[in-house]
Amino acid sequence: MAGSVNKVILIGNVGADPEIRRTQDGRPIANLRIATSETWRDRNSGERREKTEWHNVVVFNEGLCKVVEQYVKKGAKLYIEGQLQTRKWQDQTGNDRYTTEVVLQGFNSTLTMLDGRGEGGGAARGGSDFGGGGYEDYDQPRQSAGGGRSGGQSNQGGNLSRDLDDDIPF
């Protein structure tokens, strides 16, 4: 095998408001719990069944942490791309414990808000080493979240079709 891939993609709902902590040097770390559910009909009884899985998500990317802190609330629907990591720790009695988390850091992480504008809908991508990702609200001009992305078209009170009506030769 030439290589390997560690990529997790989740679409689910946030179970509680995110917890934002800071490292000793002031960098933010966001912790989220995301629920994913699947539903099916039981073949024997015909009843509808549902199974929910809970996922721990940790965001180390500074730009994405800003988005989480400002816009993500309990119940928000998110699309997450990150890596699976398991860490070992000891409980109060000294027993070894293991926690598996979806980690968003670096360039391979994505967080997209899937809710409508009222709940915050937007997108952000990773890139923490060079100023973080960006927050993009689909109904507003792009705003930079740490200098990652900027620019875009502004639709300030105008009609979108009027903005696109120009003399492009193709």
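## Model confidence

The predicted model has an average pLDDT (the predictor's confidence in each residue, from 0 to 100) of 77, and 67% of the residues score at least 70. Over residues 127-161 the pLDDT is below 50, and this stretch has 67 contacts (heavy atoms within 4.5 Å) beyond near neighbours in sequence. Residues 118-122 also stay under 50, with 16 contacts beyond four places in sequence.

Residues are numbered from 1 along each chain as its sequence is written, and side-chain values use heavy atoms, with hydrogens and water left out. Local features need pLDDT of at least 70 and side-chain atom pairs count only at pLDDT 80 or more, whereas totals for chains, interfaces and linings use all residues.

## Nonpolar core

The largest nonpolar core (buried Ala, Val, Leu, Ile, Met, Phe, Trp, Tyr and Cys residues joined through side-chain atoms within 4.5 Å) comprises 20 residues. Those with the most contacts inside this core are V57, V72, L78, I80, L104 and L111. Elements supplying at least two core residues each include strand 1 (8-14), strand 5 (77-90) and helix 1 (62-71); helices (H or I, at least four residues) and strands (E, at least two) are DSSP runs, numbered from the N terminus. Helix 1 provides the largest share, 4 residues.

Leaving aside residues up to four places away in sequence, V72 touches V14, P18, L32, V67, L78 and M113.

## E81 in strand 5

E81 lies in strand 5 and counts as buried because its relative accessibility is 11% (buried means under 20% relative accessible area, with a 1.4 Å probe and protein chains only). Beyond four places in sequence, E81 touches K7, V8, I9, L104, N108, S109 and T110.

Note on methods: Buried < 20%, exposed > 50% of the residue type's maximum accessible area, 1.4 Å probe, protein only.
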